[in-house]
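New to this one? Have a look at the sequence and the fold first, and then we'll walk through some of what can be read from them.

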Amino acid sequence: MTEKPTFYITTPIYYPSDNPHIGHAYTTVAADTMTRYKKMRGYDAYFLTGTDEHGQKIQRRAVAAGVEPQEFVDKISENFKKLWELLHIDYDDFIRTTDDRHIKYVQDLFQKIYDKGDIYKSTYEGWYCTPDEAFFTERQVGEEHICPDCGRPVERMQEESYFFKMSKYADRWLEFIEANPDFIRPESRRNEMVNFVKQGLEDLCISRTTFNWGIPVPFDGKHVVYVWFDALSNYISALANTGDGSLYNKFWPADVHLVGKDIIRFHTIIWPIMLMAAELPLPKCVLGHGWVLIDNDKMSKSKGNVVNPFVLCERYGVDAIRYFLMREMPYGQDCNYNEHNLALRINVDLANDYGNLLSRSTGMIDKFQGSIVLAPGEPTEFDAELIELAKATPARFAELMDKMEWANAIAELWKLVAKANKYIDDAAPWALNKAGEKGKLASVLYNMVEVVRLTTIMISPVMPTLAEKVWKQLGITDRTDLHTWESLTWGSFPADTKIDRGEPLFPRIDIAAMEAAAAEEAAAIDAAAAAEEAAAEEESQLEPLSTDMIGIEDFAKLDLRVVEVLECEKVPKADKLLKFRLNMGLEERTVLSGIAMHYAPEELVGKHLVLIANLAPRKIRGIESQGMLLSALVGETLQVVEVPGMTPGARIG
C-alpha cells in the first residue's frame, strides 16, 4: 500500500498576555481550512498551534495581576483552546512553551549551537521593546526612539547576554532565498526581507538576566533564553519530543509556517539561520498574511476596537464567521472588518447565492417531483454551459487552494454558484413543469442539486459544519462516498433519491435595523461620554483653597496608591483624554484622565504616579475609568504628581 503524502502546517504560538481576538482567529481558521483541504485530498496532514508563554511582558502582567506567571498563562492559554473548540479548529497538537518537552528541546538546541561556537557571551546595550520582546538598533528606533514594529516607546537597556552569530550566516541566507524563491510568500514580503538582510545583519541577543520567567540557559543558570529563540523552536519540539519522536522524521521540514506579516522577520530570518547553525532542514515556506483591520485601522486594545470572536460566533454562527474570514482577506493584503461588511457578505454570498440555490433546488424538487430527484431526461439549451463549468471548477479551485490563495479559491467556486442561479432563471423549471416537459424539468432539477453537492464538498474545509446539514436535506447523509473529493465527478448524484427539505441555513440579516440599533447605541454612548468628559476635565482643574476643615478620619477614607504607567494612549475622538493601563502591584487598573493637552502619552510610560484607588468607577467614552490620578495646576500647566522609586501598590498616607 502506497504511503500517503504528508503535510505539516503551523500557526504562530500565540502570546497569552491577553485573550484571543479575531486576528488570532483568522490565522488559525486559515491553517485549519488548509489542513482539512489536504486531508480531503488524501494527505496525512498535521496541524500544530499553541501558546508562547515566557518573557518579561508575561512576568510583568502576572505580577500586576497578583498571581504567579504559570497561573497567569494557564488561564489565558485555556481561553485560546476554548475559542478553537468553538471555531471547530481540528488541531493535532497544542504546544506550550512551558511544556517539559519544549523546555528540554530548547536547552538541547541552545547547547548544540553553543558547542559549535555560534553563541558567545557579551554585554548588550541598546533599545528594547517590551511589548514585542524585541531588540532594535539606534538606526531602527530613530531619533524619537520608537519601536519600528508597534510604534511604542523603547527602553534603553544594558545587561550581560549571550549572542547568536546571525551575521555569520547572512550570505548563506541570501543564497538560500535566491535558490528557493517560494520560501517567503508573498513576493512583496520576500523582497522586504531580502532588503533587510542586505542592509547588514547584527548578532542576536538570545538571553536575559533582568527577569527569570523563561527557560534557563543549560550551562549558565543566571540567564534565561530570550523569548524568540525559545518560541521559534516549538515547530520542532512538538514533533521531536512527543511520543517516540517519529513525528519529526515523518513531518519535518514543515510545509508551511502561517504567520502574520508583523512577525515574518523572525520566522524568515532568525528561524532559518538558527536551523542553519544547528544543521537542520529548513521549512519549505513561510506565508506572511495581512492584518484584519477594524474599519481600516489596526486592532489595539487601547483603542477599544478589538473584536471578540466569541461574540461574533454567537451572533452569526461559526460557519458564517469562518467563511467571512477566508473570503474577505485578499492574498498578501489586509482585510477590513466591520459589522456591515460581515452582514453584507453573509446576505449576498451565503443567503442569496448559496442558500438560495439550495432552497430553490429542494423547493422545486419537493413541489414538482414529490421530493424525488429523478434521473436527467432531455437536456435544455442551457445545460452544456453549466455542466462544463461544474466539471472545470474542481481543478481551478484546487490550484488556488494549493497556492493558499483562499479568497481567490472561494471566489472561483462562487462563480459556479452564480452560474447555477442564473441557469435556474434561464431554464425556468416552473415553466417546464407548466408545459409538461417532464424530461427537461428532471434534467434541470438534477443539475441544480448536483451543483449544490459539488459546491458543498469543496467549501466544507472552510465551513466544516455545513455539509452535514446539506447532506440531510439532499437525502444523502448515509452515502459518504458522495461526500469526498474523489466524488467530484459530474453526474454521481443517485437518481430516485428522496430529499428532506429543511429551513434556510443562512437567514438574511436586516442590515438597516442592525445599523439603526448601532447608531442609537453610539449616540447614547456619545451623550454619556460628553457629560463624563466634561466632568473629568472639571476634576482636573485647580479648585480654590477650601476653608472647610476635615478630620483625620475623612482623610483616611482616601485610598491613595502608587501606580506604574504600563501603557498610555489618546482616547479616539476625545482631544483631552488619555487612557492609562496602570500597574498597582497586585492588579492592573484602566484609568482615563483629562490631561492630553499637557502630556504626550509616551512621556508618561514608566512613571510612578499617585492614584485615588477607591473612587467609584464610571464610564467615559464607553471605557470604565477605575480611579483618578492626582495632578496639580501650576500656572497654565497641569502636572501629574510623581513619586519616583516607590513600589507600585504602596499605600500613601
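What follows is a short tour, from the whole chain down to a single residue.

## How far to trust it

Keep in mind that this is a predicted model. The mean pLDDT of the protein chain is 90, with 92% of its residues at 70 or more. Residues 539-543 are a weak spot: their pLDDT is below 50, and this stretch has 8 contacts in the model beyond near neighbours in sequence. Where pLDDT is low, the predicted coordinates shouldn't be read in detail.

## The whole chain

The protein chain runs to 653 residues, and 53% of them count as buried. It's built with 22 helices and 27 strands. Measure along the principal axes, and the C-alpha atoms fill a box of roughly 100 × 70 × 40 Å.

How much of the chain's contact network joins residues at least 24 apart? Taking contacts between residues at least 6 apart in sequence, the share is 76%.

On the outside, the accessible surface comes to about 28900 Å², and carbon and sulfur atoms account for 50% of that. As for charge, the chain carries 71 positive and 99 negative charges, and the mean positions of the two sets are 4 Å apart.

## A parallel sheet

Now for an open sheet of 6 strands, which you can trace in the order β3-β2-β1-β12-β13-β7, with parallel pairing. At the edges sit β3 (93-96) and β7 (184-185), each of which pairs on one side only.

Look at the β3 end of the sheet. Strand β2, residues 44-51, pairs with β3 in the parallel sense over 4 bridges. If you'd like a spot to zoom in on, find Leu 48, which stands opposite Asp 93 in β3.

## Zooming in on Trp 485

Trp 485 lies in a loop, the one between α19 (466-474) and β17 (497-498). Is Trp 485 buried or exposed? Its relative accessibility is 12%, so Trp 485 counts as buried, the cut-off for buried being under 20%.

Which residues does Trp 485 touch, once neighbours within four places in sequence are set aside? The list is Tyr 37, Met 40, Arg 41, Pro 394, Phe 397, Ala 398, Ile 457 and Met 458. Take Arg 41 from that list: along the chain, Arg 41 and Trp 485 are 444 residues apart, yet their C-alpha atoms are separated by 6.4 Å.

Notes: Residues are numbered from 1 along each chain as its sequence is written. This is a predicted model: local features need pLDDT of at least 70, side-chain atom pairs count only at pLDDT 80 or more; totals for chains, interfaces and linings use all residues. Side-chain values use heavy atoms; hydrogens and water are left out. Helices (H or I, at least four residues) and strands (E, at least two) are DSSP runs, numbered from the N terminus. Buried means under 20% relative accessible area, exposed over 50%, partly exposed in between (1.4 Å probe, protein chains only). Contact means heavy atoms within 4.5 Å. Accessible areas come from the Shrake-Rupley method with a 1.4 Å probe; for residues, only the protein chains shown count as cover. Lys and Arg count as positive and Asp and Glu as negative; His and the chain ends are not counted. The place of a charge is taken as NZ of Lys, CZ of Arg, CG of Asp or CD of Glu. Two strands pair if DSSP finds at least two bridges between them. pLDDT is the predictor's confidence in each residue, from 0 to 100.
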